[in-house]
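This report introduces the contacts that chain B makes with its neighbours, and the packing of one pair of helices.

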Amino acid sequence: MQIHWPLVVSTACQRVGLGLFICAFVMGSPVPLAVVAWVTLGLLAVGGIASIFHLQRPQRFFNAFSNFKSHLTQEAFITPFLGLALLACGLNGVLYDLGDATFVVGLVAAVLAAAFLVCTGLAYQMGSRPAWNTPFVLVLFLLTALEAGTIGVVVLWLVAGGLVPVACVAVALAATVVCALCQAAYVRRMRSVGYGVNVNATEPPYRSVFIMWVVMGVALPLVALGLMFAMPAAALVLAALAWLSCAGGIAAWTVLFFKGAHKVKLFPMYPVDLNLDM
Amino acid sequence: MESTSQKHYGMVIDLDKCTGCQACAVACKMENDVDLGVFWERVYRMGPIGQFPDQLEMFYFPNQCMHCENPSCITVCPTKATYQTDDGIVLVDANLCFGCQYCIWACPYEARTLNPNTKTVEKCILCVHRLEQGEQPMCAYTCTTGCRVAGDMNDPDSEISRILAANADRVFRVHPEFGNQPSVVYLLPRKGAETLCKSIGRS
Amino acid sequence: MDSVIPLPDGGKIVKTNCFECHAKCGVLCEVDKDGELVSVKGNPEDPRSEGRMCGKGLSATRILYDPDRLRWPLRRVGERGEGKWERITWDEALDWLQERVEALTEEYGAETIAYGQGTGRGTNQWTGRAGNAGGRVHHSLSPGNICLVPMMVQAFLQYGMFPTFDGCDFDNADCIVFWGANSVWTEPTYTSGQVGRSRDRGAKLIVIDPFFEHPLAAKADHFVGLRPGSDPYLAMAWLNVIMNEDLYDHEFTQKFTNAPMLLIEGANVPLNGALVEEGGNPQSMLVFDKASGQFVDIHTPGIDEDMNYHGLVQLADGSQAPVTTVWSALKQRVDEWTPEHASEMCWVPAEVIRQSARTYATAPAATINVFQGIEEQTNCKDTLQLVNILIAICGNLEKKGGNLSMPFWNQMGPLTGAEPETQKELRIVNDKASGSVYGISNPTAVFEAMRTGKPYPVRGYIMVQGNPLSWSENTALVKESLLCLDLLVCMDYYMSPTCELADLVLPSTHWTERDYLADEVCSEWVFGQQKAVEPLYERKSDVWFWREFGHRLNPEWWPWETDEELFDWQLEQTHAGVTWEELKGKWIHHVPQMPSRDYREHGFPTPSGRAELYAVVELIMGADPLPAANEPKESVFSTPEIAAEYPLTGITGRRYPIYYHSAYRGIPHLREIVPEPQVIFHRSIAEKLGIDYGEWVWIESPTGRITMKARPTDGLDPRVCVIPHGWWQGCAKLGLPGYPDGMSNANTLTSDRVYNDEFLTPGLRSTLCRIVKKKGGE
């Protein structure tokens with residue numbers, strides 16, 4: 001299908017940013033959660049601006065709250081609360097000091113962040129596109145966020161104190177592997193979704209973006225994370241590289257995700273498309 | 001006593017008759033003043049596929065909104081711009097639509113287009129303004145083969161019901177397994193769509 | 001007045017007829033209170049179309065108000081074809097034109113002016129009248145030889161009327177045959193709804209066409225996908241099956257055709273009354289009456305004609321002559337064309353030929369429609385004659401569910417007026433074809449006269465609704481010819497490529513802007529085709545032009561002061577029994593049927609009073625009175641040396657249901673349905689040549705070369721390709737280009753080397769060509 005670039009950018013930013021916040025909250029962050037909240041907010045802002053370009057009539061945005069059965073409405077509904085929660089986190093220590101309540105606010109923000117990711121992931125699951133007609137879509141949405149988040153936490157550690165617990169790196173490696181395996185399974189599934197829209201990602205026109213995903217989303221992060229053990233002096237650089245590469249990999253993956261998701265053919269039993277020629 | 005039963009508008013299209021002349025597509029465009037680049041009705045050609053001269057299949061397929069009983073588009077529309085009337089017609093309120101195109105993604109029948117000028121989504125309206133006057137949608141009115149008839153599917157005496165009953169063995173909805181239950185029902189060609197018929201278990 | 005219905009808001013509905021094609025579907029035009037056309041839709045009261053209407057007619061508002069349409073008379077300034085025009089008034093235009101015509105006539109004779117048209121929106125007879133009024137010769141520089149004239153004239157010669165086209169009774173037929181015709185796209189009026197209904201009640205369908213994408217081919221009980229131009233073999237094979245399996249209508253054949261007519265064997269001429277009896281009537285054609293054992297005139301009632309008489313006959317002069325019947329002579333020609341033999345020439349399996357023939361002949365009532373698929377061939381006379389024979393001997397002539405005579409066609413004679421005495425002498429034909437049956441000039445020979453001045457100079461060409469740079473074979477040569485003219489006048493909707501070369505370009509009203517009669521192809525009716533809106537700008541109707549200009553040049557030929565007077569006269573000639581005012585008021589009027597409908601009473605208006613299998617008039621004109629299995633003059637079989645270089649048999653002229661010949665590619669909502677010209681050929685050829693779908697390729701013939709996008713298909717024999725015509729116009733609104741200089745014009749390829757002898761028809765639908773992949777950068 002046609003690639004909706006604003007959605008590539010916005011969903012990538014959402015996964016990287018929200019994944020970072022959730023992992024930082026769950027795994028414990030060496031950097032104050034408030035700072036993480038600002039990074040997340042920054043990424044969400046970039047994503048938000050990008051998604052405005054997707055809407056053909058952005059001035060009507062407030063119509064989006066009408067249909068709670070629609071995942072888009074759910075997303076729209078969560079957004080202000082999520083924003084407020086992140087803001088509340090971010091202003092902690094600046095405007096006020098929450099003390100023990102920090103945890104609660106962080107939890108609320110993390111839960112809302114997770115809910116946001118779930119709604120966005122579910123929005124892409126639909127019967128009309130066989131490649132997207134699977135719970136894999138939501139799972140992968142979350143796993144990619146997890147991969148970016150765990151690598152992001154490693155970066156946070158290195159930025160904060162120059163050292164990172166091996167467990168964190170291990171978790172990042174594991175998340176990357178699990179995510180990559182699930183992505184590979186999804187790619188494999190694309191070859192046999194039927195309805196006349198089977199896609200072989202290793203062939204043109206998917207090939208180049210497939211390779212980009214493999215390199216940026218799987219190979220580089222794994223190699224960079226692995227090399228951290230061999231070259232601890234370059235750990236920060238390697239971690240940063242892994243994180244940026246992962247972000248790029250998510251973007252490349254999303255492009256492949258869009259490209260490979262063709263609408264069901266009306267008559268899939270015929271090898272040839274509907275003709276408009278006369 | 002007047003009947004108070006609920007109307008359910010639908011349309012039957014006999015693919016055995018359709019000759020792909022595009023009159024319906026043009027009629028729709030003229031009647032509804034549809035913009036260039038936007039298509040509420042398109043007539044496709046399936047085939048010819050096979051071996052010339054005696055193992056070939058071909059038929060024409062007019063496509064437009066199916067006015068489903070369980071529309072995918074309504075579930076996903078965040079603004080409720082897309083809605084369904086009590087008598088089953090699916091419509092878009094252009095004043096509410098903000099062009100997110102979620103409905104276009106969700107529709108399995110490729111029925112909807114984004115109008116690049118108004119930046120809202122458009123599609124076949126079953127000429128609801130004509131149905132209200134008791135007239136056929138423009139596509140059905142002008143069809144050169146007379147293969148399209150719209151009407152109340154809940155009324156057993158309506159022309160559409162009679163046609164469906166008389167041709168029950170050829171009745172076909174596209175992708176019934178999705179559960180959308182289209183109100184636009186096709187009649188399979190008696191000849192020229194053997195692969196289609198075989199794959200859905202019909203002779 | 002029934003035909004104009006006022007609306008409460010001050011607007012009105014006008015009942016009139018569309019004229020985008022010849023079918024003239026009844027329409028309802030909605031006009032608002034300011035006199036603007038709002039919408040157009042079919043009129044359910046039209047007994048033929050029943051309210052149905054195609055995409056072209058529905059687009060009326062866009063065509064009427066198209067800003068690209070001509071608005072006022074334009075006269076050339078600058079060089080021919082330079083594109084510089086000055087706007088003048090109609091009076092100035094007609095004054096100027098009259099002076100030019102009179103000057104040229106003075107210098108070269110009236111034969112120097114060719115009158116013509118293209119499709120002619122109802123002006124067939126007026127163009128003819130203009131040419132005849134000149135007094136010396138009517139060249140008829142029009143595509144009549146490729147459209148309508150062959151099938152109409154051949155039918156008239158055999159039946160005295162014309163029963164294909166709108167004479168096909170699809171609604172009551174048990175078997176429907178489309179032979180080289182795609183009426184469900186080209187005239188859905190009287191075909192599509194009717195064909196569907198008949199099929200619903202079990203009627204059989206036979207489609208004889210090389211291309212499986214004929215919209216009815218997949219639905220047909222028999223698809224006969226024959227080689228383009230091989231129709232005579234198929235028809236002979238059908239006759240072979242029907243005659244040998246005894247499937248013909250014995251009564252009709254014996255009593256109402258000239259099958260039993262006696263011929264002198266060898267000479268193949270009728271045994272006439274003067275030959276058998278001293279003082280006998282030389283016009284009397286004879287049959288052998290088994291009841292009396294005598295030779296009697298074919299008109300004699302109550303006889304038992306011997307279909308198989310054979311023997312030596314003593315002639316009045318004492319000599320003996322071997323005598324046979326038309327039936328036997330026909331059988332002799334037919335016998336070698338078994339389905340197996342025909343199969344080799346037609347590229348169709350013998351069993352398909354056999355079964356389709358049986359299906360046609362055994363149906364209780366069957367109808368055949370033919371059209372340009374078989375007309376645009378150099379063997380058109382044979383195919384048309386054979387088809388007419390099939391209709392007659394199977395008893396489907398003037399029978400419900402078969403082929404019925406329709407009134408309009410018989411009136412063309414009085415409407416055009418008598419041809420000049422010097423017509424035969426002065427018309428221009430050459431050794432390529434004599435035009436034995438069609439007495440006008442061969443367009444290609446007239447174009448040659450423009451270039452060479454031989455046999456005499458043709459310096460002027462005045463036409464309405466015509467674009468010979470689109471309809472004529474060998475476009476490049478036609479262009480060269482037109483550039484030689486002293487006077488070129490075109491009246492049209494748009495500035496076509498021919499208009500661009502003209503001295504005077506005149507703006508023609510659209511059917512929504514003009515009053516006229518709808519009589520041609522209107523089956524048993526005549527309609528008042530009144531205008532829905534006042535003509536825009538300074539447009540006039542083509543009919544008005546012929547009448548006004550004709551009146552200036554030859555008032556005795558064009559005495560009518562107004563169009564309305566002309567319409568009244570026209571209606572008189574067609575015995576309609578109604579005046580223009582009355583017809584305008586009621587919109588529709590039923591016209592009396594032809595007498596041959598009741599042939600048992602009145603017979604057929606032919607020399608023998610019967611449907612003629614052997615065309616006596618054709619004998620008199622110097623053509624073969626019986627059909628033969630003639631191969632197209634340029635083909636894989638007849639010119640293998642050309643075919644060696646150009647192996648594909650190309651069909652030009654296939655229709656689109658949304659365009660009309662070369663018109664309407666500038667209408668945006670139509671152009672977006674079919675945006676580009678595509679050459680259609682078999683997938684295996686594409687693979688062999690390494691050509692992808694959508695790639696621009698060359699199509700080459702001995703005459704020229706064009707380019708189109710490739711469209712591989714499964715639906716053709718690999719030895720055949722389809723090359724659509726009419727592509728010149730751009731569409732600025734969609735950013736789609738025009739195709740100047742004939743670069744995508746199918747007639748750039750077609751041959752002006754060979755013609756059908758009787759009707760002067762070029763073989764447009766079997767053009768030898770090849771497809772060539774473009775080299776990088778081309």
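A crossing of two helices is called left-handed if the near helix is turned anticlockwise from the far one by less than a right angle, and right-handed if the turn is clockwise. In this predicted model, the crossing of H8(C) and H12(C) is left-handed. Helix H8 (residues 231-244) of chain C and helix H12 (residues 339-346) of chain C pack with their axes 9 Å apart, at an angle of about 170°. Because angles over 145 degrees count as roughly antiparallel, H8(C) is roughly antiparallel to H12(C). To this contact H8(C) brings C:Tyr233, C:Leu234, C:Met236, C:Ala237 and C:Val241, while H12(C) brings C:Pro339, C:Ala342, C:Met345 and C:Cys346. Sorted by character, the residues of the contact of H8(C) with H12(C) are nine nonpolar, no polar and no charged.

Chain B, for its part, touches both chain A and chain C. Where chains B and A meet, 33 residues of chain B are in contact with 29 residues of chain A. On the side of chain B that touches chain A, strand S2 (42-51) and helices H2 (72-76), H3 (102-106) and H7 (194-199) of chain B each supply at least two residues, and the largest share, five residues, comes from S2(B).

The contact of chain B with chain C takes 32 residues from chain B and 38 residues from chain C. Here the elements of chain B that give two or more residues are helix H1 (23-31), S2, strand S3 (55-63) and helix H5 (138-142), and H1(B) gives the most, with six residues.

| Side of chain B | Nonpolar | Polar | Charged |
|---|---|---|---|
| touching chain A | 20 residues | eight residues | five residues |
| touching chain C | 18 residues | nine residues | five residues |

Note on methods
Residues numbered from 1 in each chain as written. Chains lettered and ligands numbered in written order. Predicted model: local features only at pLDDT ≥ 70, side-chain atom pairs only at ≥ 80, totals over all residues. Contact = placed C-beta atoms within 7 Å. Helix = DSSP H or I, 4+ residues; strand = E, 2+ residues; numbered from the N terminus. Nonpolar A, V, L, I, M, F, W, Y, C, P; charged D, E, K, R; others polar. Axes fitted to C-alpha atoms, helices over the stretch in contact; angles between N-to-C directions. Parallel < 35°, antiparallel > 145°, perpendicular 65-115°, else oblique.
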